[in-house]
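Dear colleague,

Here is the structure I said I would pass on. My notes follow below it.

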Amino acid sequence: PLLASAHESSCIRLWSIQGNLMKELLPFSGHPSGPLTALCTDIFIKILLTGSKEGYIFRWNMASFLENSRNRKNKIKEQLCWRAHATQVVDLFIEEEKNVIVTASIDGSVRLWHARTGYYFGCFGQARKFELTDTSRLILPSDVSDFSAIIKEESKHTEKKKVIYPLVLDRDK
C-alpha cells in the first residue's frame with residue numbers, strides 16, 4: 001500500500017505505509033497547476049488524479065512505478081492535463097465502469113469527463129442527457145476555453161542555469 005499527499009507547492013508525495021518518502025512528483029505540463037486541492041486513484045492504483053486551485057486536472061500513470069518502486073527506470077508519467085473548472089477543484093473521482101471522471105468545484109458545478117482523453121461530457125443539472133459513448137464531439141463548458149493536453153514528453157527536472165544579462169545602454173539603437 002501507498003499513501004499519497006498533495007501539497008500547496010503543486011508537489012505530490014508518495015509514502016510507504018511505514019512513513020518513508022518514496023517519490024516526489026511535480027506537474028510537467030505547460031499549464032500552471034497551482035496548489036493541489038484534490039487527489040484520487042482508480043481501484044487498482046494505476047491512475048492517479050489531482051485537481052488544483054486553478055481548476056486543472058492532472059492524470060498520472062503509476063503502473064510501471066508500482067510494479068517495482070525500487071527500480072529508478074520505472075517512472076510515474078503524467079499523461080493528461082486539462083482545465084476542468086474556472087475555479088478551485090474540491091473533489092474528484094473515477095467511475096471505472098463507465099470510464100468517466102467526476103469533478104466538483106467551489107463554483108457549485110459537478111462535471112463529467114472521459115477518463116482517458118479528458119473530453120467533456122457535461123455537467124449535472126443540464127437539460128440534455130449525458131452521451132458517454134460519443135467522444136468525437138469536442139465540446140467545452142462555457143467557462144473553460146482550453147482543450148485537454150496529452151503529455152508526450154517524460155518529466156525531467158531541469159537544472160537552473162545562472163545566466164547573466166547585463167544592462168548595457170546602446171546609443172545606436
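I begin with the one stretch that carries a database annotation. An unreviewed UniProt entry gives residues 82–118 the annotation "repeat: WD". In this model, which is predicted, that stretch is 54% strand and 0% helix. The C-alpha atoms at the two ends of residues 82–118 lie 7 Å apart.

One loop residue falls in the annotated range. Asparagine 99 sits in the loop that links strand E8 (89–95) to strand E9 (100–105). The phi angle of asparagine 99 is positive, near 60°, and the residue is not a glycine.

A second residue of this kind is isoleucine 45. Its phi is positive too, at about 55°, again in a residue that is not a glycine. Isoleucine 45 belongs to the loop between strand E4 (36–41) and strand E5 (47–52). Is its side buried or exposed, or something in between? Isoleucine 45 has a relative accessible area of 32%, so it counts as partly exposed, given that buried means under 20% and exposed means over 50%.

Now the chain as a whole. The protein chain has 12 strands and one helix. Along the sequence the pattern reads β-β-β-β-β-β-α-β-β-β-β-β-β, with six strands written on either side of the helix. Of the 173 residues in the protein chain, 35% are buried. The exposed area of the chain is about 11,300 Å², and carbon and sulfur atoms supply 51% of that area. As for contacts between residues at least 6 apart in sequence, 43% of them join residues at least 24 apart.

One sheet deserves its own paragraph. It is an open sheet of three strands in the order E1-E2-E3, and the pairing is antiparallel. Why do strand E1 (2–6) and strand E3 (21–25) each have one side without a neighbour in the sheet? Both stand at the edges and each has a single partner strand, so one side of each is left free of a neighbour there. On average, neighbouring strands of this sheet are turned by 20° against each other, with direction ignored.

Within that sheet, strand E2 (residues 12–16) pairs with E3 in the antiparallel sense, over four bridges. Arginine 13 has glutamate 24, in E3, as its bridge partner. Strands of a sheet pair through backbone hydrogen bonds, in either a parallel or an antiparallel way.

That is what I have on this model for now.

Best regards

How values were computed
Residues are numbered from 1 along each chain as its sequence is written. This is a predicted model: local features need pLDDT of at least 70, side-chain atom pairs count only at pLDDT 80 or more; totals for chains, interfaces and linings use all residues. Side-chain values use heavy atoms; hydrogens and water are left out. Buried means under 20% relative accessible area, exposed over 50%, partly exposed in between (1.4 Å probe, protein chains only). Contact means heavy atoms within 4.5 Å. Accessible areas come from the Shrake-Rupley method with a 1.4 Å probe; for residues, only the protein chains shown count as cover. Two strands pair if DSSP finds at least two bridges between them. Axes are lines fitted to C-alpha atoms, for helices over the stretch in contact, and angles run from 0 to 180 degrees between N-to-C directions. UniProt positions are given in the numbering used here, feature names are shortened, and annotations may be inferred rather than shown by experiment.
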